[in-house]
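Here are a few short exercises to work through with the model open beside you. Try each task before reading its solution.

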Amino acid sequence: MKKIPIIIDTDPGIDDAAAIGLATHCEELDIKLITTVTGNVDINKTTENALKLLTFFDKDIPVARGMETPLLQPVYGSEVHGESGMDGFDFKASTHSVIKEHAVEAIRQLLENHDEKITIVPIGPLTNIAMLLLLYPKLKSKIDKIVLMGGSLSGGNMNGPAEFNIWADPHAAKIVFESEIDVIMIGLDVTNQALIGEEELSAAIKRGNKTAEMFNAIFQHYRDGDMENGVVMHDSCAIAYLLNPEMFTVERKHVKVVTSGPASGMTMEMFEELETNVSVATDIDSALFQEWFITILDKML
Ligand code: BDR
Ligand code: CA
């Protein structure tokens, strides 16, 4: 089977943990590198969490530590995902360690030395990817596409119109959106419809699934025990898109990133007559997503 070579750029993070779990158990994906970025928690914690997840899943994938602060704006303190970013489960200390290269350098080396183009899957703020494009613009030709979780055309989850990953580093997002790379925006318009709840997890736990136990613990903690409406699997949607694009409705659009003012971080759809710059996922088959999630979950521990 021909595998899809990818780099995951992440800030674990509750739903990042689920996305990494799924991605590492999809045999069609060849994860060449995981890079970390400040986002849901600071870079020390996101990096440690990525290492803990690979230890939990017993997967040997290089991890490179990335940008500590957004490109221009000050770093924010975010603890929406708890103090550690993955509270609620007692993860074993990681037996993996980071590689010595900075994330941006590690991505450069990989792109330069890999014959085929690689797909980048950012599921956190876009700081590392923007730095890569600023430093090494020629490497754009080595990127197959960027499938990112971020943005929204239908209202945000931060200051009103902005979604977190874009809001956290809007200048970086602007660089990525204007890069002329094939960018697929998997935003809140679809991710808010991708829910996993207690029912699905309990059934997997009854089947003896240890990963479902871990997910249940961190999701419960995140939702203060209120799992009635399920937990939104934002980042897993980007992984789902890689393997099942038919699960999504995607439209070409012209989207601008607002970088200042009260709507900073907003991804704003512009007039139709402007040339398009991104593909936006505008709808998702939620039932199919749930089915896919559970199928991969059943392949885990
Ligand atoms: C995004 O923000 C983060 O909190 C999640 O991990 C996801 O990547 C959703 O807005
Ligand atoms: Ca994330």
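## Exercise 1: The largest pocket

In this predicted model, helix 1 (14–23), helix 5 (164–168), strand 8 (231–232) and helix 10 (234–243) each give at least two residues to the lining of the largest pocket. Work out which of the elements gives the largest share, how much space the pocket holds and what kinds of residue line the pocket.

**Solution.**
1. Start with the space: the largest pocket holds about 360 Å³.
2. Next, find the walls. The lining has 22 residues, and those nearest the pocket centre are His81, Asn157, Phe164, Tyr222 and His234.
3. Then sort by element. Helix 1 supplies the largest share of the lining, with 3 residues.
4. Finally, sort by chemistry: the lining has 9 nonpolar, 7 polar and 6 charged residues.

## Exercise 2: Helix 1 and the core

Decide how many residues of helix 1 are buried, then find which residues Phe219 contacts beyond its neighbours within four places in sequence.

**Solution.**
1. Apply the cut-off: a residue is buried when its relative accessible area is under 20%. By that test, 10 of the 10 residues of helix 1 are buried, and the helix is mostly covered.
2. Look at who they are. Among them are the nonpolar residues Ile14, Ala18 and Leu22, but also Asp15 and Asp16.
3. Turn to the largest nonpolar core, which has 61 residues. The members that touch the most others are Phe219, Phe248, Phe289, Trp292 and Phe293.
4. Follow Phe219 outward. Setting aside its neighbours within four places, Phe219 contacts Ile14, Ala18, Leu201, Met227, Val231 and Met233. Two of these contacts, Ile14 and Ala18, are also on the list of buried residues in helix 1.
5. Do not stop at one core: a second, separate core has 32 residues, including Ile118, Leu132, Ile181 and Val183.

As background, nonpolar side chains tend to be buried together in soluble globular proteins.

## Exercise 3: Salt bridges

The structure has 12 salt bridges. Take the one between Glu116 and Lys2 and say which parts of the chain the pair ties together.

**Solution.**
1. Check the distance: the side chains of Glu116 and Lys2 meet at 2.6 Å, N to O, which is within the 4 Å limit for a salt bridge.
2. Place each partner. Glu116 is in the loop between helix 3 (103–113) and strand 4 (118–122), while Lys2 is in the segment before strand 1 (4–10), so the bridge ties together parts that are 114 residues apart in sequence.
3. Ask how open each side is. Glu116 is partly exposed at 35% relative accessible area, whereas Lys2 counts as exposed at 60%.
4. Contrast this with Asp30 and Lys32, whose side chains meet at 2.9 Å, N to O. Asp30 is partly exposed at 25% relative accessibility, and Lys32 is partly exposed at 25% too.
5. Add a network: salt bridges link Glu105, Arg108 and Glu112.

## Exercise 4: The second largest pocket

Find a residue that both lines the second largest pocket and takes part in a salt bridge with Lys174.

**Solution.**
1. Read the lining, which includes Phe177, Glu178, Ile181, Arg252 and Lys256.
2. Match it to the bridge: Lys174 pairs with Glu178, with the closest N and O atoms 2.9 Å apart. Glu178 is the residue asked for.
3. Check exposure: Glu178 is partly exposed at 44%, and Lys174 is partly exposed at 33%.
4. Finish with the pocket itself, which holds about 170 Å³ and is lined by 3 nonpolar, 3 polar and 5 charged residues.

Key
Residues are numbered from 1 along each chain as its sequence is written. Chains are lettered from A and ligands numbered from 1 in the order in which they are written. This is a predicted model: local features need pLDDT of at least 70, side-chain atom pairs count only at pLDDT 80 or more; totals for chains, interfaces and linings use all residues. Side-chain values use heavy atoms; hydrogens and water are left out. On a 1 Å grid over the protein atoms alone, a cavity is a set of points where a 1.4 Å probe fits but cannot get out, and a pocket is an open set with protein on both sides within 12 Å along at least five of seven lines; lining residues have an atom within 4 Å of a point. Grid points are joined across faces, edges and corners, and a volume is the space filled by probe spheres set on the points. Helices (H or I, at least four residues) and strands (E, at least two) are DSSP runs, numbered from the N terminus. A nonpolar core is a set of buried Ala, Val, Leu, Ile, Met, Phe, Trp, Tyr and Cys residues joined through side-chain atoms within 4.5 Å. Buried means under 20% relative accessible area, exposed over 50%, partly exposed in between (1.4 Å probe, protein chains only). Contact means heavy atoms within 4.5 Å.
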